[in-house]
Amino acid sequence: ESGVNDLITPCHEYKSFAIAAELNKNQLQSKFASEVIRFASACMNIRTNGTIHFGIADSIEDRGHKHGQIIGIKVKEREHYVDALDYIEKCFCEDLQETARKCIHPPVFVEVVSKDTQEQRFVVEVDIEPTSSLVKDKLFEVYLPKYNEGSHKVTLTKDRALYQRLGAKSELVKHNNLATFIQGLKDRDTQREKAELSSAEVHTQIPQNLGRKLSILLNDGKSYMDDSLRYILVTNRCEKDNLNYINFLMHLNIFCVFDFDENSNISGLYSKYKEHHATRSYFLQDFSNEGKTGNPPAQKHLSPFDQTSWIFCNGRSDFLGDEKPCDENTWIRTKKKYLKKAVTRICDEILPKGSFIVLFLLLSPVQKPLVDAFQEFYTEMNGTEYIVCIAESRENYEKWAHLAQVSCSIQMLEQCSVVGMKLSHVDATIQAMLPSTAQPRHLPVFMRGLCTLPSLEEEKLFSLEILCVDQCDEIKLDLLTEKEIQEIEQNFYRGKKIIWENLWLADKRLCGEIIEREACKDASKLLDDILRGREFNYSVAKLKIFHHPGSGGSTIARQVLWKRRKDLRCAVIKASYPPVTVCEHALAFRDYEEKDISCCLPVLLLIEDYDEDYLEELRTELMDAVATRKTNSPRPYFILLCCRRSNDPARLCKASPLDTVAVTHKLTDSEKILFKTKLEKLKQKDTKLEFILTFVLMCEEFNATYVRDFVEHILQDIDRSSRDTCLMRYVALLNFYVPNSYVSLSHCEAFLGLGVYTERKSRAYDFKSHLSEQARIIFIELKESTSYISSVQIIHCLVAREILHQLSGNEPQSQLAMTLLQEKTLFENRFGQEEFIKFIRDLFIRRDKRSRGDSTDTLFSPFIEHVCKAEGCEKAIAVLKAAYELIGKDAFFAQQLARLHYNNEKFKEAEYWAGVAKFHSPDDSYILDTEGQVYR
């Protein structure tokens, strides 16, 4: 436990809470709320951050343990602790309740492990953060809740009390000290403001934005390259390894090059440049007016419209023509004289001031002649306004700066220099600014520039769908028709998952903006907190988005990635690959082209509709991989953005509010205005409603009556006996009961008798043209991102439910499932068969689980439970038996039959089916447990 330190570092208070944790709900909540509110008000009155810990021994409550010993408490229901803070509204004055809510953070549950027991225990922590903007000029008097053992009711203390932190305790402000305490309020507010300002400096290595600095310096303030500027390049020896990273020079409008490489006329940079451009070459002595040749070639040919002039500033061979050999000092003076003449000739006679930039490219250790060149240009140009220096090696730069400070200050040199950026990043950053139509893909780097991601390197990371800085920029706008743009936009509003092209087109103002729901802003704020290390200090952090089906959760997740693609490395995980592969690729993705792997940008990885076991295995793999590196970083290495459908997202968010966002069908008032405005704009484009069905339903918040009437209107005059109507019912059955299910396009075509579909052949028919008008409106075609299977879905699962209801008539759903099981064309079609069989298995076996975000825990699959309730257990048994026979006599179907029988007290049959399941899988623990349940 600790007292007040610097107001920002939290003071700590411990509570054993071992006895209270075992009490009933009302007793527990009143005790928990009393301790939190007393501690919180004390912290808020002193203006200090604080944390109160429940499950840590204190000197008063628990004499069986040492003070400060972690003992943990049993947590029966997390909601009891979260809901206990509702006492805030009762204990604080009305005008302080909102402030208190913002200062008192929701409980955090930290699991603790004991060597002596396997019992799950937690330390429950509540953080208090009284920011100056919230608490300024306010005093926080409180009532405290107390449980009355006689009446079994919770009452509040009779009088309001004022608490303060004194040492490591929360104490009452005594009456005779009250006036002094109130008078000190302004001083405490001032101290808090100062503390916040001093702590605002983030104690992490935040690099300069060298990418932006390079862009601004090199383009005279513009963010793109054009032909308005010429460049004078001054450089030294280019090492062989660096020759691959100076390609940007081939695209600059270079007027001349001062080359201080002693071998440049036979190798290196000169040779590479000469391959791409015609050049005229000179030696410095060409600028002498004293030679035998009369007027030098420089005066004759050096002009802004000729080929690049390459001026060799190397060696002494033939430097003075036929003159007598001279001593070293004379040679240096002569060389400087010719250098001065060359610089004067270019800057005074040929290029107007402001039309060119002098680029010093320090590729190797610096010698004095290169610095002489800087001094001549600095003098001739009256400063460094049009001088830029690029050096990957800080050692090379510091030697150059030390020598060059004779001409100007170190501060001025720093302002015009880009130091420490890898040459490959310089190359990629500059090339990304070029008006080229065939740009490579780029990733952000730690030094805030870019690196190139070649196709070959990207293909090595095949378990990741990588989102680049310039995603979609390869699309040629002049070849993109209005019809194609309209189709991309309509596909999204009709129900297809958002694609990067949607966001790119919106950014380019080529289609309407995409609405950003408030949950997207919440997710972005939580991501910022994670990156700042405020709430979590994990090497692998999690940010969760739980969403109602069709409420836009996937769109929000991709909007978050899209907005952060320039300052984080972003990718979507293809969960069809094992966690160990994804981990390997994620590490390679993080480290790719970085100079120091201990200083890299965090990687934001989106994983959708995941299995919890898969996610935890992946997180463990990543954490273990990071741990082996033994490097400490205040920011996480990886952030897993976990996006999953849920029937009760609000409950899941409430259980873990610091890292979870809930997305529901319910719109806020401000969102309603945005959606209404967007719908009007779409209508003004003469967009038919069938092209934006899902968006229309979203605008109506998926109101049950609206969905029912909507489907009823669409299904008017449908031919119920047609093949495509039958297909519609099968797809609706799967889509309603099995999340994320689909039927491959190949299966649909086989069912409709349209022949075999392959991607390689040009299609001889249009699939949609063989559907009824109703089916064309209801179906949407998708391409699954991991298996690349083209598939068909109902536009929304709630629409699927209504179709199932309205098209079934008097036919029970068990009969529809029976008919589906008899469809040989569907079960025998080989393309996409594995996915189809999986969805059929899920229809009969997959149970709802609250831990997975479902509203309830079910004993059987929702479909089987529906049949039991609506038609009786005999029908459920019959359809399960049929599935067992037709889907390869699966052990788990037999297990479900055993469970279904014993839950309906048919014990002999249950024993038989448990035996069948055990025969197929004799060592499976779940099946053995089922057998045990039968005998029990």
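Of the 936 residues in this chain, 51% count as buried. The model is a predicted one, and the exercises below walk through parts of it.

**Exercise 1. Get an overview: how many helices and strands does the chain have, and what percentage of its contacts join residues at least 24 apart, among those between residues at least 6 apart in sequence?**

Start with the secondary structure: the chain has 38 helices and 27 strands. Next, take the contacts between residues at least 6 apart in sequence; 71% of them join residues at least 24 apart.

**Exercise 2. Work out how the seven-stranded open sheet is put together: what is the strand order, and which strands stand at the edges?**

Step one is the order, which reads β12-β13-β11-β10-β14-β15-β16, with parallel pairing. Step two is the edges: β12 (279-283) and β16 (417-419) each have a single partner strand, so one side of each has no neighbour in the sheet. As for twist, the average is 15° from one strand to the next.

Now zoom in on one edge. β12 runs parallel to strand β13 (residues 308-312), and five bridges join the two. One residue pair to look up is S281 with its bridge partner W310 in β13.

Last step: what packs on the sheet? Helix α12 (residues 368-380) does, touching β10 (230-235), β11 (254-259), β14 (356-362) and β15 (387-391). The direction of α12 makes about 160° with that of β14.

**Exercise 3. Look at strand β1 (residues 11-15): is β1 mostly covered or mostly uncovered, and which strand is joined to β1 by five bridges?**

Check accessibility and you'll find β1 mostly covered, with four of its five residues buried. Then follow the bridges: five of them link β1 to strand β2 (residues 50-54), and the two run parallel. Within that pair, Y14 stands opposite H53 in β2.

**Exercise 4. Find the largest nonpolar core: how many residues has it, and which helix gives the largest share?**

Begin with the count, which is 130 residues. The residues with the most contacts inside this core are M728, I794, V799, F844 and F863. Its largest share, nine residues, comes from helix α27 (residues 723-737). There is also a second, separate core of 76 residues, with L243, W310, L363 and C389 among them.

Now pick F844 and list its contacts, skipping neighbours within four places in sequence. F844 then touches A817, L821, S861, F863, I864, V879, L880, A883 and F893.

**Exercise 5. Place S524: is S524 buried or exposed, and which side chain does its own side chain reach in a polar contact?**

First, locate S524 in helix α19 (residues 518-532). Its relative accessibility is 12%, and because buried means under 20%, S524 counts as buried. The side chain of S524 makes a polar contact with that of K563, at 3.3 Å. With residues up to four places away in sequence left out, S524 touches V560, K563 and R564.

**Exercise 6. Check the cysteines: how many disulfides does the structure hold, and why is C643 not bonded to C642?**

The disulfide count is zero. Take C600: the nearest cysteine sulfur, that of C599, is 7.4 Å away. For C643, the closest cysteine sulfur is in C642 at 9.1 Å; the cut-off is 2.5 Å, so that is too far for a bond.

Finish with accessibility. C600 is buried, with a relative accessible area of 7%, and C643 counts as buried at 0%.

How values were computed: Residues numbered from 1 in each chain as written. Predicted model: local features only at pLDDT ≥ 70, side-chain atom pairs only at ≥ 80, totals over all residues. Heavy atoms only, no water. Buried < 20%, exposed > 50% of the residue type's maximum accessible area, 1.4 Å probe, protein only. Polar contact = N/O pair within 3.5 Å; in protein donor to acceptor, adjacent residues only side chain to side chain. Contact = heavy atoms within 4.5 Å. Core = buried A, V, L, I, M, F, W, Y, C linked by side-chain atoms within 4.5 Å. Pairing = 2+ DSSP bridges. Axes fitted to C-alpha atoms, helices over the stretch in contact; angles between N-to-C directions.
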